[in-house]
Amino acid sequence: MRLTNVLLKKVKSKRIMVVLESAVSGHQFNAFRDRLAEKLEIIRFDPYIQKESLYRERKKIRSA
């Protein structure tokens with residue numbers, strides 16, 4: 001193994017992309033959050049029911 005392979009590590013990004021899903025209708029959208037932050041829960045307009053609803057983080061998609 002070469003010395004450069006040992007010294008160079010792959011750096012993780014500080015932010016990740018996650019899927020947020022509505023608790024009411026199931027509508028989804030993508031958002032970014034910091035890797036070390038807690039899971040997202042936000043209130044946002046839901047186009048399916050035409051009202052604001054709670055969106056919760058469902059899963060991680062990828063590093064950003």
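Colleague: What helices and strands does the protein chain have, and how do you know what counts as one?
Modeller: The chain holds one helix and four strands, and along the sequence they follow the pattern α-β-β-β-β. The elements are DSSP runs numbered from the N terminus: H or I over at least four residues for a helix, E over at least two for a strand. This is a predicted model, in which local features need pLDDT of at least 70 and side-chain atom pairs count only at pLDDT 80 or more, while totals for chains, interfaces and linings use all residues. Residues are numbered from 1 along each chain as its sequence is written, and side-chain values use heavy atoms, with hydrogens and water left out.

Colleague: How do you know that S1 and S2 pair?
Modeller: Two strands pair if DSSP finds at least two bridges between them. S1 (residues 15–22) and S2 (residues 28–34) have seven bridges in the antiparallel sense, so by that definition the strands pair. One position is Leu20, which stands opposite Phe29 in S2. The two strands form a hairpin with five residues between them, and Gly26 in the turn has a positive phi of about 90°.

Colleague: Which residues of S4 stand opposite Leu20 and Met17 of S1?
Modeller: S1 also pairs with S4 (residues 51–63), in the antiparallel sense and over seven bridges. Leu20 stands opposite Glu57, and the bridge partner of Met17 is Arg62.

Colleague: What makes S2 and S3 edge strands?
Modeller: The four strands form an open antiparallel sheet in the order S2-S1-S4-S3. S2 and S3 each have a single partner strand, so one side of each is left without a neighbour in the sheet. From one strand to the next the twist averages 45°, with angles taken between the N-to-C directions of lines fitted to C-alpha atoms, on a range from 0 to 180 degrees.

Colleague: Why is S1 called mostly covered?
Modeller: Six of its eight residues are buried. Buried means under 20% relative accessible area, exposed means over 50%, and partly exposed lies in between (1.4 Å probe, protein chains only). In the chain as a whole, buried residues make up 22% of the 64 residues.

Colleague: Is Tyr48 buried or exposed, and how do you know?
Modeller: Its relative accessible area is 58%; exposed begins over 50%, so Tyr48 is exposed. Tyr48 is found in the loop between S3 (41–46) and S4.

Colleague: What makes the contact between Arg15 and Asp34 a salt bridge?
Modeller: The closest N and O atoms are 3.8 Å apart. The term asks for a side-chain nitrogen of Lys or Arg within 4 Å of a carboxyl oxygen of Asp or Glu, so the pair qualifies. Arg15 lies in S1 and Asp34 in S2, so the salt bridge ties together parts that are 19 residues apart in sequence. Arg15 is partly exposed at 40% relative accessibility, and Asp34 is partly exposed at 41%.

Colleague: How many salt bridges does the structure hold?
Modeller: There are three. Another joins the side chains of Arg33 and Glu57, at 2.8 Å from N to O. That pair links S2 with S4, 24 residues apart.

Colleague: Why are Arg33 and Glu57 called buried?
Modeller: Arg33 has 11% relative accessibility and Glu57 has a relative accessible area of 11%. Each value is under 20%, so both residues count as buried.

Colleague: Which side chains meet in a salt bridge of 3.4 Å?
Modeller: Those of Arg56 and Glu41. The pair links Arg56 in S4 with Glu41 in S3, 15 residues apart. Arg56 is partly exposed, at 43% relative accessibility.
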